[in-house]
Amino acid sequence: MLIMKKSKDVNKSIVSIVKYEKPLESVRKVVELSKLFESITKDTKVFIKPNIVYWNQHTNFPKWGVITTSRVIEDTIILLKEQGINDIMIGEGFRIGETKDNDLALDAFEKLGFNLLKKKYNIKFINTFTRPFKKIDIGCDFEVDFSSDALAADVVIDIPVLKTHAQAVSSLGFKNLLGLTHNESRKKIHSADPIKDLHFNLAHLPNKLKKVLTIIDGIYTLERGPAIDGKAHRKDILVASTDMLSADMVGTKLLGIEPSEVPLLVQAAKDRHRPMDLSDITIVGENLEELASHHEWDFIYNDAGDLPLPFQRIGVKGLKYQKYDASLCTHCSGINGVLLTFIKNAWKGEPFDNIEVLNGKIMEPTPGMNKTVLLGKCQYDKNKDHPDINVMIPIKGCPPSMEDVRKAFSQIGIEINPMIFKNMDKGAGFLMRKYKGKPEFEEKFFQIN
Ligand code: SF4
């Protein structure tokens, strides 16, 4: 059902919701209904921030609900070109992105069709890690190294995917801006501070950008995101707003989650003296309630929070593995997922030797355990002298190397074949099996012709 804006709503921020039906037409509709480009002139310098949270050079992997579709990016560029805009740059910071990793970025840009976009529309694209960063004060406890190109742009067009996130709950416009910060800042943004924590810091990310316009790409959505092991759905939804907080609140509702359950949105609303109930937002286009659907975001642990529920269900004993918290940064988070898989595979029905694995910057050891694995430099620095540790097994790197992980696991009696690490990237391809025989999951959305 199409809802039209009422005249009494003139002072409210507008969020448009549109069903994706056709290339260009659907993005045009969501842009026009939200008046997204009203303030853009032909001299505007535009920086487009897609979400390319993961890439893999070695195998095809599920991009649905994980990565912004090239379809929506191209349609956005066409609309900008129609406005006479020539200065358009796409920028993404690859999360393992030191300069030496630029091959990964170039592979992603090529396979997602960005070279063709460059030829067709004379745009630029960059891996932000090959470009300068500028130290800025956005209200965190530390200065953030932020992409200079994004800061220099008159407008950042933020194009996140409509997805959930294991720590941030929903991962939309605000969270997508994390990809414009340097790795070292990202580590700090996952802060151990109880007040200025991850959510507080994420809520402050747009503070020094001149203007941010948001288009949420919900052609595919993702449960238990943000990565390729989540569960994607074809939803064909587009959302747009000149006000990022409003777009994120509406996007969160579309994921079946209340904005009040998303700490970063609560913080951002508090900072802006905004209500959480959408009462100062006018929705135009489709009906929010009709399109909203429940998306799981959390990874469930037992009641004590010291063992993943699937481990408890298969009867794992002699192991404590506390639930991750928001201080665990993306790098260690990926490793943490791998560790859980190794441990689950190693479980043969015999109790483990009273082992505890700790990660992030906050966890403390449980007294009485035989061996305590400290994952990452943060954990080592925090607990290396803790009196409740009997035998400490540190994995010190930041992030730790897989070889150090292998050695540490050997000390707790779990031998990992080094070949597994070598072939790990290829393992991402196995996740494609989830989508086999489901024609709604189309690769063409990530291609440019
Ligand atoms: S040790 Fe791990 S969690 Fe800590 S900052 Fe380094 S990569 Fe992040």
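**Ligand shell**

I started at the ligand and asked which helices each supply at least two residues of the shell around it. They are α13 (330–346) and α14 (376–383); helices (H or I, at least four residues) and strands (E, at least two) are DSSP runs, numbered from the N terminus. The structure is a predicted model, where local features need pLDDT of at least 70 and side-chain atom pairs count only at pLDDT 80 or more, while totals for chains, interfaces and linings use all residues. I count residues from 1 along each chain as its sequence is written.

The ligand is surrounded by Lys187, Leu328, Cys329, His331, Cys332, Gly360, Gly376, Lys377, Cys378, Cys398 and Pro399. To be listed as near the ligand, a residue needs its C-beta atom, placed from the backbone, within 6 Å of it. α14 gives the most to this shell, with three residues. I sorted the shell by class and got six nonpolar, three polar and two charged residues. In this sorting Ala, Val, Leu, Ile, Met, Phe, Trp, Tyr, Cys and Pro count as nonpolar, Asp, Glu, Lys and Arg as charged, and the others, Gly among them, as polar.

**Cis peptide bonds**

Pro399 of the shell came up again here. A cis peptide bond joins Cys398 to Pro399, with omega about 0°. I found Pro399 in the loop between β16 (391–395) and α15 (402–411). Another cis peptide bond links Gly225 and Pro226, with omega about 20°. Pro226 sits in the loop between β10 and β11. I noted these bonds because most peptide bonds are trans.

**Helix α1 and what packs on it**

Next I looked at α1 (residues 25–33) and α2 (residues 70–82), whose axes come within 9 Å and cross at roughly 60°. The axes are lines fitted to C-alpha atoms, for helices over the stretch in contact, and angles run from 0 to 180 degrees between N-to-C directions. Parallel, perpendicular or oblique? α1 and α2 are oblique to each other, since angles under 35 degrees count as roughly parallel, over 145 as roughly antiparallel, 65 to 115 as roughly perpendicular and the rest as oblique. Their crossing is right-handed; that means the near helix is turned clockwise from the far one by less than a right angle, and anticlockwise would make it left-handed.

From α1, the contact uses Val27, Arg28 and Val31, and from α2 it uses Val72, Asp75, Thr76 and Leu79. Contact here means that the C-beta atoms of two residues, placed from the backbone, lie within 7 Å. I split the residues of this contact into four nonpolar, one polar and two charged.

Which residues of α1 are buried? Ser26, Val27, Val30, Val31 and Leu33 are. A residue is buried if 20 or more other C-beta atoms lie within 10 Å of its own, exposed if 12 or fewer, and partly exposed in between, with C-beta atoms placed from the backbone. Their cover includes β1 (13–19), α2, β10 (212–223), β11 (231–241) and β12 (281–285).

**Helices α9 and α10**

I did the same for α9 (residues 244–254) and α10 (residues 263–271): the axes come within 11 Å and cross at roughly 145°. This crossing is left-handed. Leu245, Asp248, Met249 and Thr252 in α9 meet Leu265, Ala268 and Ala269 in α10. The contact divides into five nonpolar, one polar and one charged residue.

**Positive phi values**

I went looking for these because most residues other than glycine have a negative phi. Lys35, just after α1, takes a positive phi of about 55°. Asn122 has phi near 60° and lies in the loop between α4 (114–121) and β4 (124–127). Asn122 counts as exposed, because it has 12 C-beta neighbours inside 10 Å. Asn354 has phi near 55° and belongs to the loop between α13 and β14 (355–358). With 16 other C-beta atoms within 10 Å, Asn354 is partly exposed.

**Two glycines**

Is Gly91 buried or exposed? Gly91 is in strand β3 (residues 88–92), and it is buried because 21 other C-beta atoms lie within 10 Å. Leaving aside neighbours within four places in sequence, I found Gly91 in contact with Phe47, Lys49, Ile126, Thr128, Ser147, Asp149 and Ala150.

Gly315 is in the loop between α12 (309–313) and β13 (319–321). Gly315 is exposed, having 9 other C-beta atoms within 10 Å. Its C-alpha atom is 7.6 Å from that of Gly349, 34 residues apart along the chain.
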